[in-house]
Amino acid sequence: MFERFTKDARAVVMGAVEHAEGAGTGSVDAEHLLLALLEREGSRASFALAALGLAERGDAVREALGEARRRAGLSQADAEALAGLGIDVSEIVARVEEVHGVGAMSGDRKDKGWWSGRRSFGRGAKEILEKALRIAVARRDRHIGDEHILLALTVRPGVSGEVLADHGVTYESVVRVLYGGGEAKAG
């Protein structure tokens, strides 16, 4: 499948690996793909993100992803559902961090030398890449571009999709920008 990836899509995947390494996590996940997309310039996905105003709000997206990581990867919707059951996720995070330090629930390993070799891809990242392939095939595209990865992130439930939607980036809005139906269209 990787041979069908464009140069930009490959750069996103490699950037996601770098983000996972920088965070000291054992695997690449969907959030790492989103972070790598935010760094791209001159690609179809970067055009769509800029057209939707996310280029100026990249720091807010990074902050939202960081907050979700502090909640052990729970989305805001998950936290609200637990609150409905009387479980205060913020209180649990505060108590754990009080005892074990800030970021204790994030799953980040501080001993970055613990593993050498390639990062594996977590279930979330694998699902995003598989969905990107399905989106490309459904659109009859012969390649998988970073725009397909962005579209896949918008439709998968979880933290990345929720953060994008909170910032006005939905499947429909990305399709409108990339393929028409709006004023802007990526070439």
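In this predicted model, R44 has a relative accessibility of 22% and therefore counts as partly exposed, since the partly exposed class begins where buried, under 20%, ends. Its partner is E147: the two residues form a salt bridge in which the closest N and O atoms are 3.3 Å apart. R44 belongs to helix 3 (residues 44-51) and E147 to helix 8 (residues 146-155), so this pair ties together parts that are 103 residues apart in sequence. Unlike the partly exposed R44, E147 is buried, with a relative accessible area of 3%.

The structure holds four salt bridges, and two others can be followed here in some detail. R62 pairs with D59, with 3.5 Å between the closest N and O atoms. Both residues sit in helix 4 (residues 58-70), three residues apart, and are thus separated by about one helical turn. D59 counts as exposed at 60% relative accessibility, while R62, at 33%, counts as partly exposed.

A further bridge joins the side chains of R156 and E127, at 2.8 Å from N to O. Here R156 lies in the loop between helix 8 and helix 9 (159-166), whereas E127 is part of helix 7 (residues 123-138), so the pair ties together parts that are 29 residues apart in sequence. Both partners count as partly exposed, R156 at 22% relative accessibility and E127 at 30%.

Rings come next. What sits over the ring of Y179? It is the charged end of R139, placed 3.5 Å from the centre of that ring. As for pairs between aromatic rings, the structure holds zero.

The nonpolar interior can now be considered. The largest nonpolar core has 43 residues, and I149, L150, L153, V169 and V174 are those with the most contacts inside it. At least two residues of this core come from each of helix 1 (7-23), helix 2 (30-39), helix 3, helix 4, helix 7, helix 8, helix 9 and helix 10 (171-179). Which helix gives the most to this core? That is helix 2, with seven residues.

V174 offers a closer look at this core, as one of the residues with the most contacts inside it. When its neighbours within four places in sequence are left aside, V174 is in contact with A48, L52, L150, L151, T154 and V169. Two of these partners, L150 and V169, are themselves listed among the core residues with the most contacts. Helix 3 and helix 8, which are tied together by R44 and E147, each supply at least two residues of the core as well.

How values were computed:
Residues are numbered from 1 along each chain as its sequence is written. This is a predicted model: local features need pLDDT of at least 70, side-chain atom pairs count only at pLDDT 80 or more; totals for chains, interfaces and linings use all residues. Side-chain values use heavy atoms; hydrogens and water are left out. Rings of Phe, Tyr and Trp (its six-membered ring) pair if their centres lie within 6.5 Å; planes under 30 degrees apart count as stacked, over 60 as edge-to-face and the rest as tilted. A charge sits over a ring if NZ of Lys or CZ of Arg is within 6 Å of the ring centre and within 35 degrees of the ring normal. Helices (H or I, at least four residues) and strands (E, at least two) are DSSP runs, numbered from the N terminus. Buried means under 20% relative accessible area, exposed over 50%, partly exposed in between (1.4 Å probe, protein chains only). A nonpolar core is a set of buried Ala, Val, Leu, Ile, Met, Phe, Trp, Tyr and Cys residues joined through side-chain atoms within 4.5 Å. Contact means heavy atoms within 4.5 Å.
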